Amino acid sequence: MLKKIHIILSLLLFAASVSAQDPAMTVAERNAMQGFNDTIDRTAEDFVTVSLVVCDPEDVLYSALGHAALHLQCPAFNLDYIYSYESESVQDKVWTFLRGDLKMGMFAIPTDQFLGFYRETGRGVKEYAINLSPEQEQQLWRVMDKMAEEGLSLPYDYYSRGCAKSVVHVIHRAIGRNAIHYAPWSKKYTDHTMRELATSFATNVPWIEFISYFLVGVEGDKICPCEKKLIVPTDLVEVWQQATFDNGKQVLENEPSVLLEAKSSNEGTWCTPLLVSMLLLLLSFAPWKAVDYALLALYTAIGAVMTHLILFSTLPCTDWNWLIIPFNILPAIFWHWRKYWALPYAAVLLIWCLVMSGEFFWGHVLVDWPHIILALSFIIVLVKRYLYS
């Protein structure tokens, strides 16, 4: 299918050179010069149309921020595709994902097929027209088509190839790095990190927010240009509606077209990470040895995942994570000799909790409260086992 699209577009999307011809020529005459025996105006504003597609979020890790893609149409030749970065199934290949070996790539998906998936899941889909020139639209289609031909050839990278950032990247690639002129950035982008922007959006799915702190280390807290912080599709819409192209046109139209109405709503869950961590903190005060060892097993299991992500995985953003200090496998390995290190380590963890719980130390949120409370419960376990050993 992609090869067919590529061949068709190679023949049809040749208007950049045609537009330079004598404007007094008729459409048929211009087409004849290019070898086309028809009267289709390939320089018309509506020969190709481009829209930004924004899909509602879902309560799974890879869809917690929603999804962004590009909708390209050529009505004259009945071409209608959504170009979207897609990956292998995270749910089916969890260990492959944690190793950093999951693959992703750009796909040209027939629009009906794309919408069919979101219709089944009840998620809403909207699109906003992008005000590109006919030449830019056709150049974008060539770029997207070339990327789609490569298939699943890229490492899964939610940091630099997230859907919203990828849309920005392909627009730059097609029409030039400096073709978009942004309005002054609001404090939302200048004063906050990518982690804060993502987690503030995902507060309605708390377990996803909890897991994201494991998967994104200090990379998510680094200072970077505001444009690189456009990781949430709705933020991209907000910013692009205030941005302009070189021709002075607004990048995105204000009013969207609704492709699918949302039919499901996320009502949240009462079993939140904060509630679970508070219950474990209370449980850590229990005098039973079995409880302490059960909690030790839990912390060790979390620590094993953290250790793997930092030391062995090639997954992006996992080179260092502050959570490795309270969550690692060393306490379990050296548990027999805890009388020598339990109290010093508990003191280190207490300092860690105090530093991480105060934004005034760093100016940004580095660790969420559920993880801090879990670390506090481990401190209690360490002190108890030291006293009882």
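Which residues form a nonpolar patch on the surface? That is a pleasant place to start on this predicted model, and the points below move from the outside to the enclosed space and then to the charged pairs and backbone.

1. **The surface patch.** Leu330, Ile333, Phe334, Trp337 and Tyr340 make up the nonpolar patch, and their accessible area together comes to about 570 Å². One of these residues, Tyr340, sits in helix α15, which covers residues 338–357. Tyr340 counts as exposed because its relative accessibility is 61%, and the cut-off for that class is over 50%.

2. **The second largest pocket.** If you are looking for open space, the second largest pocket holds about 370 Å³. Its lining consists of 15 residues, and those nearest the centre are Ser160, Lys165, Val168, His169 and Lys228. The element that contributes most to this lining is helix α7 (residues 163–175), with 5 residues. Sorted by class, the lining of the second largest pocket contains 6 nonpolar, 4 polar and 5 charged residues.

3. **The cavity.** How many cavities of 30 Å³ or more does the structure hold? There is 1, and the volume of the largest cavity is about 60 Å³. Its lining is made by Ala68, Ala69, Leu70, Tyr83, Ser84, Tyr85, Met106, Met144, Cys163, Ser166, Val167 and Val170. Strands β2 (67–74) and β3 (79–87), along with α7, are the elements that give two or more residues to this lining. Helix α7 gives the most here, with 4 residues. By class, the lining of the largest cavity has 10 nonpolar and 2 polar residues, and no charged ones. Helix α7 is thus worth a look from both sides of your display: it is the top contributor to the lining of the second largest pocket and to that of the largest cavity.

4. **Salt bridges, and one between two loops.** Over the whole structure, a search finds 9 salt bridges. In one of them, Arg177 pairs with Glu227, with 3.2 Å between the closest N and O atoms. Arg177 belongs to the loop between α7 and β7 (180–181), while Glu227 belongs to the loop between α10 (206–215) and α11 (233–240), so this pair ties together parts that lie 50 residues apart in sequence. Is Glu227 buried or exposed? Glu227 counts as buried, because its relative accessibility is 13% and the limit for that class is under 20%.

5. **A salt bridge between Lys222 and Glu219.** The side chains of Lys222 and Glu219 also meet in a salt bridge, at 2.8 Å from N to O. With a relative accessibility of 43%, Lys222 counts as partly exposed.

6. **A buried charged network.** Asp292 and Lys384 form a salt bridge whose closest N and O atoms are 2.9 Å apart. Since Asp292 is in helix α13 (residues 289–311) and Lys384 is in helix α17 (residues 369–388), the pair ties together parts that are 92 residues apart in sequence. Both Asp292 and Lys384 are buried. Shared partners extend this pairing, as salt bridges join Asp292, Lys384 and Arg385 into one network.

7. **The loop between α13 and α14.** This loop is home to Thr314 and Cys317. Thr314 counts as exposed, at 54% relative accessibility. Its C-alpha atom is separated by 9.8 Å from that of Tyr156, although the two residues are 158 residues apart along the chain. Cys317, by contrast, is buried, with a relative accessible area of 6%. Cys317 is also a residue to check for backbone geometry: its phi is positive, about 70 degrees, although it is not a glycine.

8. **Another positive phi.** Where is Asn78 found? Asn78 is in the loop between β2 and β3. Its phi is positive as well, about 55 degrees, and Asn78 is not a glycine either. Asn78 counts as exposed, because its relative accessibility is 69%. The strands on either side of this loop, β2 and β3, also appear among the elements that give two or more residues to the lining of the largest cavity.

Notes: Residues are numbered from 1 along each chain as its sequence is written. This is a predicted model: local features need pLDDT of at least 70, side-chain atom pairs count only at pLDDT 80 or more; totals for chains, interfaces and linings use all residues. Side-chain values use heavy atoms; hydrogens and water are left out. On a 1 Å grid over the protein atoms alone, a cavity is a set of points where a 1.4 Å probe fits but cannot get out, and a pocket is an open set with protein on both sides within 12 Å along at least five of seven lines; lining residues have an atom within 4 Å of a point. Grid points are joined across faces, edges and corners, and a volume is the space filled by probe spheres set on the points. Ala, Val, Leu, Ile, Met, Phe, Trp, Tyr, Cys and Pro count as nonpolar, Asp, Glu, Lys and Arg as charged, and the others, Gly among them, as polar. Patches are made of residues with over 30% relative accessible area and no salt bridge: like charges are joined within 9 Å, nonpolar side chains (Val, Leu, Ile, Met, Phe, Trp, Tyr) within 5 Å. Accessible areas come from the Shrake-Rupley method with a 1.4 Å probe; for residues, only the protein chains shown count as cover. A salt bridge is a side-chain nitrogen of Lys or Arg within 4 Å of a carboxyl oxygen of Asp or Glu. Buried means under 20% relative accessible area, exposed over 50%, partly exposed in between (1.4 Å probe, protein chains only).
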